[in-house]
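I opened this entry to record what I looked up in the structure. The notes follow the order in which I worked.

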Amino acid sequence: MAKKQQVEFLHPNVLLVITSKGIILELYTPIRAELVRKVGNLPKGTKVYIEAVVKDKTHKILYCIGSKWYPYHHFKVGQ
């Protein structure tokens, strides 16, 4: 039986992003982002700043924006 190895490093002020060319970027908060779809009272295309990054109980990444937490998939980072 093969063992699974899980390595994690999570810091609330750092986000690692892999570019389309395979380059790893280390971004520090506040991180500029743009909404790719409407979420809550924020319309699509709104530019925001990510204040912190955390992982919830189901291992999904959440961004803190304006003291509220939103799932990562609503945003395009670095815009």
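**Entry 1. Overall layout**

In what order do the elements of the protein run from the N terminus on? I read the order as β-β-β-β-β-β-β-β. I note that the model is a predicted one. My tally of its secondary structure is 0 helices and 8 strands.

I then looked up the totals. The protein has 79 residues, and 23% of them are buried. I found its accessible surface to be about 6300 Å², with 58% of that area belonging to carbon and sulfur atoms. For contacts with a separation of 6 or more, I recorded that 34% join residues 24 or more positions apart.

**Entry 2. The hairpin of β6 and β7**

I turned next to strand β6, residues 61-65, and strand β7, residues 68-71. The two strands run antiparallel, and I find 4 bridges joining them. Within this pairing, I65 stands opposite K68 of β7. The hairpin has 2 residues between its strands, and there I noted that G66 takes a positive phi near 60°.

**Entry 3. The largest nonpolar core**

Which residues of the largest nonpolar core touch the most other members? I list I50, Y63, I65 and F75, out of 13 residues in this core. The elements that give two or more residues to the core are β3 (31-35), β4 (47-50) and β6. I recorded β3 as the source of the largest share, namely 3 residues.

I followed F75 in more detail. Leaving aside residues up to four places away in sequence, I find that F75 touches A33, E34, L35, V36, V39, V48, Y63, I65 and Y70. Among these contacts are Y63 and I65, which also appear in my list of core residues that touch the most other members.

**Entry 4. L10**

I closed with L10, which lies in the segment before β1 (14-18). Is L10 buried, partly exposed or exposed? I entered L10 as partly exposed, because its relative accessible area is 49% and the class called exposed begins over 50%.

I also looked up what L10 meets elsewhere in the sequence. With residues up to four places away not counted, L10 touches V54 and K55. I noted in addition that L10 and V53 are 43 residues apart in sequence, while their C-alpha atoms are 8.3 Å apart in space.

Methods:
Residues are numbered from 1 along each chain as its sequence is written. This is a predicted model: local features need pLDDT of at least 70, side-chain atom pairs count only at pLDDT 80 or more; totals for chains, interfaces and linings use all residues. Side-chain values use heavy atoms; hydrogens and water are left out. Two strands pair if DSSP finds at least two bridges between them. Buried means under 20% relative accessible area, exposed over 50%, partly exposed in between (1.4 Å probe, protein chains only). Contact means heavy atoms within 4.5 Å. Accessible areas come from the Shrake-Rupley method with a 1.4 Å probe; for residues, only the protein chains shown count as cover. A nonpolar core is a set of buried Ala, Val, Leu, Ile, Met, Phe, Trp, Tyr and Cys residues joined through side-chain atoms within 4.5 Å.
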